[in-house]
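Thanks for coming. I will go through one protein model this morning, first the whole chain and then a few places in it. Please have a look at the display before I start.

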Amino acid sequence: MAATMMTGASAQKKDGHGYPITPVEFTKVKVTDSFWGQRLKASREVTIPLAFSKCEETGRYTNFEKAAKPSEDYVVGGLSFDDTDVYKTIEGASYSLQTFSDKRLVQYIDSVLDIVAKAQEPDGYLYTSRTMNPKHPHEWAGDKRWSKEEDLSHELYNLGHMVEGAVAHYQATGSRKFLDIACRYADCVCREVGSQPDQACVVPGHQIAEMALCKLYVLTGEKKYLDEAKFLLDFRGKTTIQQEYSQSHKPVLEQDEAVGHAVRAAYMYAGMADVAALTGDQSYIDAIDRIWENIVGKKMYVTGGIGSTASGEAFGKNYELPNMSAYCETCAAIGNVYVNYRLFLLHGESKYYDVLERSLYNGLISGVSLDGGGFFYPNPLESMGQHQRQPWFGCACCPSNIARFIPSLPGYVYAVNNRDVYVNLFMSNTSKLTVAGKAVQLEQTTEYPWNGDIAIKVAANKAGQWAMKVRIPGWVKNQVVPSDLYEYSDNLRPKYSVEVNGTKLEGLLTDDGYFTIDRKWKKGDVVRVHFDMEPRTIRANGMVEADRGYVAIERGPIVYCAEWPDNDFDIMGALINQSPKMVVEDGTLHAKDKKVADYYIKTIKTDAQTLSFDKDGRLTTKDVKLTLIPYYAWCHRGSGKMRVWLTQDLSASRPSKPATLASLSKITASTPATSLSSINDRLVPKDGDDRSMPYYHWWPKNDCTEWIAYEFPQASSVQSSTVYWFDDGPWGGCRVPKAWRIFYKDSQGNWQPVTGADKYPTIKGAACTVNFEPVTTTELKLEIDLPDDNSAGVFEWSVK
């Protein structure tokens, strides 16, 4: 074996370049919390078993079995990173073992690792997409190792997730079984990938190996892993492929803006923060600080989500934060947590945990249903009903990433630096810490995030005097995020208090954002913290065009949204008061007076008005009571309208429009999808590049004929039809169609082409209207010829 095992603390002592602040491993914290306990239970009982079953069902394990016995007869399919679903699920299961001991799970993981180990080549290389059929590997793999690494092979991405899983498995079980496999592959990479003449000078096409190799270095003390991680970053922007999509458009030390694929970016930024913290390299510290400031100041959603556009699953321009078309991939939210966690370990400031907490409680856990069995890939902040949770995805990165992240949460609660103990997250738990080499035990009790009362008991203390540093969240200090991207608009001034054994303490808030209590602690000492927790209204920076005239509402760390089941009116047409009075109530999710899940939440209710046009086109108003639920809990009761940003200014209002023949019609299609509801929602794009409106598309189909049909409520006379085409060129896969036609159903039930059609326009971003001879019918059909090499889509289809 190439590596000698050391603890994280020992690795730091070996060369003096450990993290400035020491993480408290997940193995030392036992969560007893109701909020997170439910999530951990769902992960253990539903998400992780589901992920393992999908690995079996979709042939992930079979790939390893084939790689153990290669054959030219194997047809290599799937995705080149399918191996990582196995690694990620093992990682999550390993974390889970610390919360829920399970011998059968340990044995199952062991049996999977037996299969994985046999697929490893003698020199350590492990990539089933090549090994199972070296002469005819996966189409993304390239004809030899590393040849397509910067494009689509994902060889180093596979290594990254393998190492992450192996380290977690070792820490949870003490077994080296997976770790030895990972170290052999890491050693292979260190030998074969680098800047020497006999090495492949490539960098990852999809980052994560950088942060994983840093983690392996901290665990083993083997500096070659840190050196390899730094090489992968140092040479980015200097090799063959240079593009914003994979953040290789310029050397990393010259970058100052978050660009490209958001998950790739977040993983790379986490790796940069690792290298900065572990080497003390000031140029890396400066670079990652610049990028973080750009994200938090100009590119982050109020939910903590990142990545605003589906085109490239990427960051948009500065302040480009659309809501309905927000991508906010679940994996990117996890990546945002990784980045801010590492920056805290580097700098020790609470602002990084403020961002981490915002992402954690909102844009991250929204990605998995409360029961652990339904998933979002993107997490938009507004919906017309075109979004729904899925039981799994063919590209399963988000479900398997959730499977590994949620159980890892205990490792984010505390940190230690010499005689400073950081209390960063608030959840009921028991913990065993090491402070100045001595044992300290803490017990935290709270109902956070539902109220702001936290008790921290010193259950045992062998360390004498030390400082407990309690994070005072930004939302308590009247700061939404550590920038001017969002601000509270209600003029409230929440307060907090801290006491020890009943004695109130004052003036101990330090510049790093922590309330610091430095004393000689005794067993039984209790720190009680109180945060005022009232509903707050938030305004976005005026540069964020999508949010002008709107407010978001949050309470504590939880962002709220309005959703259709709780409101018997069109929430899109609701206008909340200029000075809203909000009432907080206990509740559970419900639909039509029936609970759909026994999950406790707090709802917020406030007065509002609905604006709508009557049948004569006259604007009318109606007083209503608007009910809000936590954003993470939306879409548990079926698909429908939802929005985070609520209209407060009349200039931003969207009055409900009167019903039209199209909006009253039943929709059928050659390719059914929930997004069909978007074509008759009476929302049209402002131009060809508008992605804020919902749409329906046929991607990935091309070079074929598709159709959509309206079944009218009764026979109607029609003589024109207007279509707004969805075209996401030049980067996306949809273009305007080659041609289109309108048909009507005659009295015998046969489809007939309309007569006298003047034109069938195909103009991007414009109303494409055809006029024809009037016809009375019960059904109308839109027939489309898709482009030869692209697909097509529709924003809106109206008829008159």
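**Loops, helices and the whole chain**

Let me begin at one proline: Pro700 sits in the loop between strand 25 (696-697) and strand 26 (705-726). Helices and strands here are DSSP runs, helices being H or I with at least four residues and strands being E with at least two, and they are numbered from the N terminus. The peptide bond leading from Trp699 into Pro700 is cis, with omega near 10°. I will come back to that loop region later.

A word on where this comes from. This is a predicted model, in which local features need pLDDT of at least 70 and side-chain atom pairs count only at pLDDT 80 or more, while totals for chains, interfaces and linings use all residues. Residues are numbered from 1 along each chain as its sequence is written, and side-chain values use heavy atoms, with hydrogens and water left out.

Now the whole protein. It has 15 helices and 30 strands. Its radius of gyration is 28 Å, close to the 28 Å that the globule rule gives for 800 residues, so the protein is as compact as a globular protein of that length. That radius is taken over C-alpha atoms, and the globule rule is 2.2 Å times the number of residues to the power 0.38. Along the principal axes, the C-alpha trace spans about 90 × 70 × 50 Å.

How much of the protein is buried? Of the 800 residues, 60% are. Buried means under 20% relative accessible area, exposed means over 50%, and partly exposed is in between, with a 1.4 Å probe and protein chains only. As for contacts (heavy atoms within 4.5 Å), take those with a separation of 6 or more: 71% of them join residues 24 or more positions apart.

On charge, there are 89 positive and 100 negative side chains, and the centres of the two sets lie 5 Å apart. Lys and Arg count as positive and Asp and Glu as negative, with His and the chain ends not counted. Each charge is placed at NZ of Lys, CZ of Arg, CG of Asp or CD of Glu.

Next, helix 9, residues 209-220. Its twelve residues should span 16 Å at 1.5 Å a residue, and its end C-alpha atoms are 16 Å apart, which agrees. The expected span is 1.5 Å times one less than the number of residues. Eleven of the twelve residues are buried, so helix 9 is largely enclosed by the rest of the structure. Among the buried ones are Leu213, Cys214 and Tyr217. Just after helix 9, Gly221 takes a positive phi of about 80°.

Those three residues turn up again with Leu226, which is found in helix 10 (residues 223-234). Which residues does Leu226 touch, not counting those up to four places away in sequence? They are Leu213, Cys214, Tyr217, Leu278 and Thr279. The C-alpha atoms of Leu226 and Cys214 are separated by 5.2 Å, and the two are twelve residues apart along the chain. Leu226 is buried, with a relative accessible area of 4%.

Another helix residue is His161, in helix 7 (residues 155-173). At 0% relative accessibility, His161 counts as buried. Leaving aside neighbours within four places in sequence, His161 is in contact with residues including Thr84, Ile208, Tyr267 and Arg404.

Back to the loops. Most residues other than glycine have a negative phi, and most peptide bonds are trans. Besides the bond into Pro700, the one from Gly729 to Pro730 is cis, with omega near 10°. Pro730 lies in the loop between strand 26 and strand 27 (739-745).

Two residues that are not glycine have a positive phi. Cys328, with phi near 45°, lies in the loop between helix 12 (282-299) and helix 13 (330-347). Arg682 has a phi of about 70° and lies in the loop between strand 24 (666-669) and strand 25. Are they buried or exposed? Cys328 is buried, with a relative accessible area of 2%, whereas Arg682 counts as partly exposed at 27%.

Last, Pro557, in the loop between strand 16 (550-555) and strand 17 (558-563). Pro557 counts as buried at 4% relative accessibility. The C-alpha atoms of Pro557 and Leu360 are separated by 9.1 Å, with their positions 197 residues apart along the chain. Outside four places in sequence, the contacts of Pro557 include Glu357, Tyr448 and Trp475. That is where I will stop.
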